[in-house]
Structure formats: structure tokens, C-alpha cells
Amino acid sequence: MAQRPKQEFRQRELEILKARVSQVEVTRLYDRLAGVYDLWSHLTEAKARRRSLELADVQDGQQVLEVAVGTGMAFVEMVKNNPHGRNVGIDISEGMLEKARRRLREAGCEHYELSVGSALAIQADDHSFDVLLNNYMFDLLEEHDWPMVLKEFHRVLKPGGKLVVVSMTFGEKPGSGFYQRLYQLAPLLMGGCRAVRLSGPLAQFGFVVKVREYVQQLFFPSGVILAIKSDIQPMF
Ligand SMILES: C[S@@+](CC[C@H](N)C(=O)[O-])C[C@H]1O[C@@H](n2cnc3c(N)ncnc32)[C@H](O)[C@@H]1O
């Protein structure tokens, strides 16, 4: 009995918090953050991004989509690996896309399409991609938007297609709760990112989770997931 308050406190610590930055604000925020985003990302997200690229394992000739492509740090690597395939990147922030276009130009890449687009309504045919990469976006979205996004991911992936998702997650090591506390105090300072858990929703909405790894960098906790589109049509 004496344990209960502590357990309840722990329980609350593990709750997925409400998204406190709306999608309209997110667009403006990332337009403004585009200039400094890479520095933050190198310090806290680079390890998880590398792992997401390993799991995506893009092969030349594949049809590849990155949703929330940001400044193109992962996208450029996929495009380099896929000169004879199709590489599509979308994001709701024109400012981030501008940086991505510059990065791709400077890397000498030509074989790609980058455009403004939302995960909630992807402008692509059904069953058109072999691989879909999505890094650090679910942690910005309201939970009630997740089913719609997963429905879109499921729709555009080919049968057996590969989904790799990275997000901020709940810390599992000492010090790793810092960023979640920072979000509670000042969500804009965290770029609107809070800890989420995605394995359950992925399984619920038509994916088979094959790999779930915890990656921590500078105390920042990330969850990296590889999932495969299942044959069973989920009920949305
Ligand atoms: C934290 S950044 C991550 C960028 C990139 N994926 C990376 O890992 O470097 C979040 C990105 O998600 C984009 N974003 C947020 N909501 C989105 C949505 N509904 N559809 C597409 N992009 C979205 C933002 O504009 C921003 O570029």
C-alpha cells in the first residue's frame, strides 16, 4: 500500500503528454528552426538516424518515401544509395525543405523529388513505395492524428513494404528524463517534441514490428522501429 503514491507518480511520468504545439505552429516553428536544426540534431539524434538508415537498407532501384524529411540529413544518404530508383521527400515546412534542397544540390544528387506535403494526406498512389522513413514526427503530432497517419503509411506502402520510424521516447537511463521535463516547461524549446511509444499503435494499425531499439545520445532518448506492412487490412 505504501508503494502506491510512488507507483502513481511513475505512471504519470510515463503518460504520453498532449501535443502542445499545433500543426500550424509546427510549420512556422520549423520554418524558423531550419537554420539551427542540424546542430541540435547532430548532438542528439545522429546515432538514431544512422540506425534508421541501416534498418531501411535502401537498395538501388527501390521506390523510397521519406515523410517529414526536414533538412534532408537522412534523405541525402538514401538518394545516394538509390540513383536508379525513385526518391520522394515531403514536409510541411518550406523552410526545412529549402535546406534539404540545398543539401541535395551540394551533394550532387539529381534523382529526387522534394515537395510540401503532410503525413495526414500523402499525395501518392496506393502501394507505391518499398520503403518509408519517418523520423521525429509522431512526437509532434496529437495522438488522435496517429491513426490517420498510419492509415496513409499503410496505403502508400507496397505489400510487405518496410516502415522505419524514429521518435523521441521515454528515457530508460539516468538523466534521460531531462528533455521530457523541458518539454513540460517550454515545449517550443523542444521544437514541440515529447516522448511517445509507437509499437502498440503500429501493431494495431496494420504493421508487424520486427525491431524496436532504444538509442540515447547526449541524454536524449530515441526509439527506433522497423516494421513491415502486414497482409491483413486493418480496420481504421
Ligand atoms: C523534428 S523535425 C525532424 C526532421 C527530420 N525527419 C530529421 O530527423 O532530421 C520534424 C519535422 O517534421 C515536420 N512535420 C511535422 N508535422 C508534419 C506532417 N504532418 N507532415 C509532414 N511533415 C511534418 C516538420 O516540419 C519538421 O521538418
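The following dialogue walks through a cavity, a buried acid and several salt bridges in a predicted model.

Biologist: What should I know about the model before I read its features?

Modeller: The model is predicted, with local features needing pLDDT of at least 70 and side-chain atom pairs counting only at pLDDT 80 or more, while totals for chains, interfaces and linings use all residues. Residues are numbered from 1 along each chain as its sequence is written, and side-chain values use heavy atoms, with hydrogens and water left out.

Biologist: How many cavities of 30 Å³ or more does the count give, and which residues lie nearest the centre of the largest cavity?

Modeller: A cavity is a set of points, on a 1 Å grid over the protein atoms alone, where a 1.4 Å probe fits but cannot get out, and its lining residues have an atom within 4 Å of a point. Here the count comes to 1 cavity of 30 Å³ or more, and about 380 Å³ of space lies in the largest cavity, the volume being the space filled by probe spheres set on the points, which are joined across faces, edges and corners. Its lining has 31 residues, of which Ala68, Gly70, Asp91, Asn135 and Tyr136 lie nearest the centre.

Biologist: Where is Asp91 placed, and is Asp91 buried or exposed?

Modeller: Strands are DSSP runs of E with at least two residues, and helices are runs of H or I with at least four, numbered from the N terminus; Asp91 is in strand S2 (residues 86-91). Buried means under 20% relative accessible area, exposed over 50%, and partly exposed in between, with a 1.4 Å probe and protein chains only. Asp91 is buried yet has no salt bridge, and the nearest side chain of opposite charge, Arg101, is 9.9 Å away. The side chain of Asp91 does reach the backbone nitrogen of Gly70, at 2.9 Å.

Biologist: Which side chains, then, meet Glu213 and Glu77 in salt bridges?

Modeller: Side chains of opposite charge can pair when their charged atoms come close. A salt bridge is a side-chain nitrogen of Lys or Arg within 4 Å of a carboxyl oxygen of Asp or Glu, and the count comes to 13. In one of them, Glu213 meets Arg51 at 2.7 Å, N to O, linking distant parts of the chain, since Glu213 in strand S6 (residues 207-217) and Arg51 in helix H4 (residues 46-56) are 162 residues apart. Glu77 meets Lys80 at 3.7 Å, N to O, and these two, 3 residues apart in helix H5 (residues 75-81), are separated by about one helical turn.

Technical notes
Lys, Arg positive; Asp, Glu negative; His and termini not counted. Polar contact = N/O pair within 3.5 Å; in protein donor to acceptor, adjacent residues only side chain to side chain. 1 Å grid on protein atoms, 1.4 Å probe; cavity = no way out; pocket = protein on both sides within 12 Å on 5 of 7 lines; lining within 4 Å.
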